[in-house]
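Open the model in your viewer and keep the sequence panel visible. This tour goes from one selection to the next and says what is there.

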Amino acid sequence: MSKLWGGRFTKNTDQLVEEYTASILFDKELYEEDIAGSIAHVTMLGKCGILPQEDVDRIVDGLHSVLGRMRRGEVEFSIADEDIHMNVEKLLIEEIGPVAGKLHTGRSRNDQVATDMHLYLRKRTVEFVDLLLKLQEALIGQAKDNLDTIVPGYTHLQRAQPILFAHHLMAYVEMFQRDIERLQDSWKRINVLPLGAGALAGTTFPIDREFVAGQLGFDRIYENSMDAVSDRDFIVEFLACAAIIMMHLSRLCEELVLWSSTEFSFIELDDAFCTGSSIMPQKKNPDVAELIRGKTGRVYGHLVGILTVLKALPLAYNKDMQEDKEGMFDTVATLRGALRLMAPMIATMKVNRERMREAVSRDFSNATDIADYLVNKGVPFRQAHEIIGKLVLHCIRQGKYLPDLSIDEYKQFSKLFEADVYDVLRPERVVNARDVYGGTASRQVAGAIGRAEARLAETAEWIKTHGEKR
Ligand code: ARG
């Protein structure tokens, strides 16, 4: 009987139970955080006179050796020791003997695991803000290169009105900005210390939670010990942020897939970010974009999974909560994989400006503008809409586009048409006419890019002040 909690038991754990309840196969991912938490805890025990300093020194040294062994991959984790917390303690006993048993004074695995998770997600939140920032930079880079590239804008996936390609890309910069802000906001609730809550009620030892918070860089301490050990809201929030980011990525990916099809031919993705077909030699597939789109599903699944685990759980800790981990780790890996690829894929894509240009010159996406032309001459908008509708129908029947009509043909539909109508139809004119804050006119898009660049600098500053080396 070698369990750390074996005293009360007269039988060995059933092998299947051991395998079923162990979390070490996945929570070993938390070893850095677990050891950092233990070092802060035991340092505090020394400082408060709860443990003699020489014991503390031996434990801290031992924890550093265990950490080194883990980093070098020299450690074999054991299912019999259940989870990362007890694996570390067992390894510490190997290093320094029975004095290792003093580490767990005034602490429970319940406040310990919560602390590990807070430390873990705090680090990842900053990492993801950084990856989103790099993606915004790539999008802004393409936007700046395409400040005069005009492309059809769509509603219902039908050509609607011409827009700057830069304007389209900047819409995604805004989405990812909201994602950044959501992560930054959730960081405040991640950066709260649970340690010191004990199993659920606090501890009898005269500990110093402020000191531990300071050691680990936490801004606040949980107000309520029961909440501290049973709160997983910060994980739900992280998964919700991740689900929204994946939703945004999948929308962008869907556009990349469409735009790179022969039917659109608006862009070409770099060879380095595409793959071939095993049978059709001509093919170049946007696999990365498709897979990011596809992996969105598993992240949504993890969000629903954790919400369901927590639903109706009584206070305080319940073993169900161990189910918070795999979905979170998988989400971190999935999101990291997607974001790392997205920025270089965007930065290296080739924009087929001629093809985009051709698409706007041979369609009716300037129809709104000649309706507005009549409105400016006093025709009520609804009536102008009707007139232009008929004009478009006339064009379709004649196999023509609006610029192809003679002025006489125009005048058959309204006497108010003059020769200046042709200028109104030019795509540049159509785009630049939308000179309203947030609109697609070059002037407005340039302004939006400028403001987005200022935010990049703010985000970079946030990363500096919230990274682990604060
Ligand atoms: N492996 C456990 C988890 O992830 C650690 C906490 C265990 N606490 C307990 N009272 N059994 O939830």
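## Stop 1: a residue inside a helix

T125 has a relative accessible area of 0%, so it is buried, the cut-off for that being under 20%. Keep in mind that this is a predicted model. T125 is part of helix α6, which covers residues 109-145. Show the side chain of T125 and draw a distance to the backbone oxygen of L121: the value is 2.7 Å. An α-helix has 3.6 residues a turn, so residues three or four places apart point the same way.

## Stop 2: from α6 to α3

Stay on helix α6 and select R124, then add E33. These two form a salt bridge, with their closest N and O atoms 3.3 Å apart. E33 belongs to helix α3 and R124 to helix α6, so the salt bridge ties together parts that are 91 residues apart in sequence. Are E33 and R124 buried or exposed? Both of them are buried. Side chains of opposite charge can pair when their charged atoms come close.

Now select the whole of helix α3, residues 31-47. How far apart are its end C-alpha atoms? They are 24 Å apart, which agrees with the 24 Å that 17 residues should span at 1.5 Å a residue. Of those 17 residues, 13 are buried, so helix α3 is largely enclosed by the rest of the structure. Just after α3, select G49, where phi is positive, at about 75°.

## Stop 3: the ligand

Select the ligand and show the residues around it. Which residues surround the ligand? They are S23, D27, D83, H85, R109, N110, V113, Y317, Q322 and K325. Helix α6 gives the most to this shell, with three residues.

Three distances can be drawn here, each to an N or O atom in a side chain:

- From an oxygen atom of the ligand to the side chain of K325, the distance is 2.4 Å.
- From a nitrogen atom of the ligand to the side chain of S23, the distance is 3.1 Å.
- From a nitrogen atom of the ligand to the side chain of R109, the distance is 3.5 Å.

Taken alone, the ligand exposes 350 Å², and the protein buries 86% of that.

## Stop 4: the loop between α11 and α12

Next, select the loop between α11 (287-310) and α12 (325-348), where L315 is found. A312 is also found in the loop between α11 and α12. Phi of A312 is near 65°, a positive value in a residue other than glycine. A312 has a relative accessible area of 70%, so it is exposed.

Move along to L315 and A316. The peptide bond from L315 to A316 is cis, with omega near 0°. A316 lies in this loop between α11 and α12 too. L315 has 60% relative accessibility and therefore counts as exposed. Add L200 and M226 to the selection: with L315, they form a nonpolar patch on the surface. Together the three have about 270 Å² of accessible area.

## Stop 5: E82

For another positive phi, go to E82, in the loop between α4 (53-71) and α5 (84-96). E82 is not a glycine, yet its phi is about 65°. Is E82 buried or exposed? With a relative accessible area of 10%, E82 is buried.

## Stop 6: further salt bridges

The count of salt bridges comes to 42. Two more are worth selecting.

Begin with D369 and R434, whose side chains meet in a salt bridge at 2.9 Å, N to O. D369 lies in helix α14 (residues 367-376) and R434 in the loop between α18 (427-432) and α19 (442-466), so the pair ties together parts that are 65 residues apart in sequence. D369 counts as buried, at 8% relative accessibility. R434 also counts as buried, at 17%.

Then select D423 and R429, which form a salt bridge with their closest N and O atoms 2.6 Å apart. D423, at 32% relative accessibility, counts as partly exposed. R429 counts as partly exposed as well, at 36%. To end the tour, add R357, R426 and E428 to the selection: with D423 and R429, they are linked in a network of salt bridges.

Conventions
Residues are numbered from 1 along each chain as its sequence is written. This is a predicted model: local features need pLDDT of at least 70, side-chain atom pairs count only at pLDDT 80 or more; totals for chains, interfaces and linings use all residues. Side-chain values use heavy atoms; hydrogens and water are left out. Helices (H or I, at least four residues) and strands (E, at least two) are DSSP runs, numbered from the N terminus. The expected span of a helix is 1.5 Å times one less than its number of residues. Buried means under 20% relative accessible area, exposed over 50%, partly exposed in between (1.4 Å probe, protein chains only). Patches are made of residues with over 30% relative accessible area and no salt bridge: like charges are joined within 9 Å, nonpolar side chains (Val, Leu, Ile, Met, Phe, Trp, Tyr) within 5 Å. Accessible areas come from the Shrake-Rupley method with a 1.4 Å probe; for residues, only the protein chains shown count as cover. A salt bridge is a side-chain nitrogen of Lys or Arg within 4 Å of a carboxyl oxygen of Asp or Glu. A residue is near a molecule or strand if one of its heavy atoms lies within 4 Å of it. A polar contact is a pair of N or O atoms within 3.5 Å; within protein, one must be able to donate a hydrogen and the other to accept it, and residues adjacent in sequence count only if both atoms are side-chain atoms.
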